[in-house]
Amino acid sequence: MRVVRVGTRKSQLARIQTDTVVAMLKTLYPGLQFEIVAMSTTGDKILDTALSKIGEKSLFTKELEYALERNEVDLVVHSLKDLPTVLPPGFTIGAICKRESPYDAVVFHPKFVGKTLQTLPEKSVVGTSSLRRAAQLQRKFPHLEFKNIRGNLNTRLRKLDEQQEFSAIILAVAGLQRLGWQNRVGQILYPEECMYAVGQGALGVEVRAKDQDILNLVDVLHDPDTLLRCIAERAFLRHLEGGCSVPVAVHTVMKDGQLYLTGGVWSLDGSDSMQETMQATIHVPVQHEDGPEDDPQLVGITARNIPRGAQLAAENLGISLANLLLSKGAKNILDVARQLNDVH
């Protein structure tokens, strides 16, 4: 029986996410055996520094990619939002699974259960590891203070509950749901309050770009709706040259053949911001209409079973929206945010 080795980070959430993907593959390929290989990444080891300060794009992916390169594993499961919009040569995202909730959630300290961010006392400290969340929420809730908090979800929840430092912390709804901690969600932040990170809530399966066997194996996991939304989001971020060190956020909706993309950029304190929405018509026929492509990758993604025209329309939407923001001065906001982040 052939063994397919699947790489993952060691955290409980990463293991659960990997188990979900492996379970789908086992159902599709009962004749294959799957072996899970867990490892620590740079992002898991450096816990005393804000993510945006470490200055490394592939914080949670690099070690896993080494293992892929050395043929120690055949595929790797990631949170899509951890995967840079430009992958190292030789790698591709071979599948993007159906997205769970892309929203952020507020988890409150036990003494503030029943509150919302709006009703927390003046100068309450809210923990988040994300510049994107801090910038948007500082703008909306100027009475609160936002402070960096690192560690995996278990660690962050423990810090919240056992120390008196934080009144609340912000986490992704999808992560809390996957860990079975829905009961800790005190408030869900919808896009009008806090737009989400590119790819948030979706899982990406990274493979060797030339490994046709494995590409064919995982290709069936692509969810067309999620894929097209995430291509648009990733193209927007890539064209803005955003990353961990600047506050960029998105919101996408696919409805009646139209893909709507809202994207925004913020200064670090949220005082300066810019956001716009654009839409594109995207037809997703049931059958593939195009011939094979020499280089099928778009924003690091290979999806041969989804029409090329639809993928290009999604990518163009992301690029067009980025260009619109850049033409209105977004580069200046991002440059200042980057410089300030480097200084602090």
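**Two sheets and a tyrosine cluster**

User: How many bridges join β1 to strand β2, and which way do the two run?

Analyst: Strand β1 and strand β2 (residues 33–39) are joined by seven bridges and run parallel. Two strands pair if DSSP finds at least two bridges between them, and the elements themselves are DSSP runs numbered from the N terminus, with helices being H or I over at least four residues and strands being E over at least two. Within this pairing, R5 stands opposite E35 in β2. Between the two strands the chain passes through helix α1 (residues 12–28), and this β-α-β crossover is right-handed, a term that applies if, with the strands pointing away from the viewer, the path from the first strand over the helix to the second runs clockwise.

User: What kind of model is this, and how are the residues numbered?

Analyst: This is a predicted model, in which local features need pLDDT of at least 70 and side-chain atom pairs count only at pLDDT 80 or more, whereas totals for chains, interfaces and linings use all residues. Residues are numbered from 1 along each chain as its sequence is written, and side-chain values use heavy atoms, with hydrogens and water left out.

User: Back to β1, then: is it mostly covered or mostly open?

Analyst: Strand β1 (residues 3–9) is mostly covered, with five of its seven residues buried; buried means under 20% relative accessible area, exposed means over 50%, and partly exposed lies in between, using a 1.4 Å probe and protein chains only. Strand β1 also pairs in the parallel sense with strand β3 (residues 75–79), over two bridges. There V6 stands opposite L75, and the bridge partner of G7 is V76.

User: What sheet do these strands belong to, and what is the strand order?

Analyst: The sheet is open and has five strands in the order β2-β1-β3-β10-β4, with mixed pairing. The edges are taken by β2 and β4 (91–96), and each has a single partner strand, so one side of each is left without a neighbour in the sheet. On average, neighbouring strands of this sheet are turned by 30 degrees against each other, direction ignored; axes are lines fitted to C-alpha atoms, for helices over the stretch in contact, and angles run from 0 to 180 degrees between N-to-C directions.

User: Okay, and what is the order in the sheet that holds β7 and β9?

Analyst: That one is an open sheet of five strands in the order β7-β6-β8-β5-β9, again with mixed pairing. Its edge strands are β7 (145–147) and β9, each with a single partner strand, so one side of each has no neighbour in the sheet. Strands β5 and β9 run antiparallel and are joined by three bridges, and V106 has Q187 in β9 as its bridge partner.

User: Which strands does α5 touch on that sheet?

Analyst: Helix α5 packs on the sheet and touches β5, β7, β8 (168–172) and β9, and its direction makes about 125 degrees with that of β8. Helix α6 (residues 153–162) packs on the sheet too, touching β5 and β8, at about 165 degrees to the direction of β8.

User: R133 lies in α5, so is R133 buried or exposed?

Analyst: R133 has 4% relative accessibility and therefore counts as buried. Leaving aside neighbours within four places in sequence, the contacts of R133 include K81, D104, T128 and Q200, where contact means heavy atoms within 4.5 Å.

User: New topic: how many aromatic pairs are there?

Analyst: The count comes to two, under a rule by which rings of Phe, Tyr and Trp (its six-membered ring) pair if their centres lie within 6.5 Å, with planes under 30 degrees apart counted as stacked, over 60 as edge-to-face and the rest as tilted. In one of them, the rings of Y103 and Y190 have centres 5.1 Å apart and planes at 70 degrees, so the pair is edge-to-face. Y103 lies in the loop between β4 and β5 (104–108) and Y190 in the loop between β9 (187–189) and β10 (203–208), so the pair ties together parts that are 87 residues apart in sequence.

User: And what about Y103 with Y196?

Analyst: The ring centres of Y103 and Y196 are 5.9 Å apart and the planes stand at 65 degrees, so this pair is edge-to-face. Y196 counts as buried at 1% relative accessibility, whereas Y190, at 39%, counts as partly exposed. Y103, Y190 and Y196 form one aromatic cluster.
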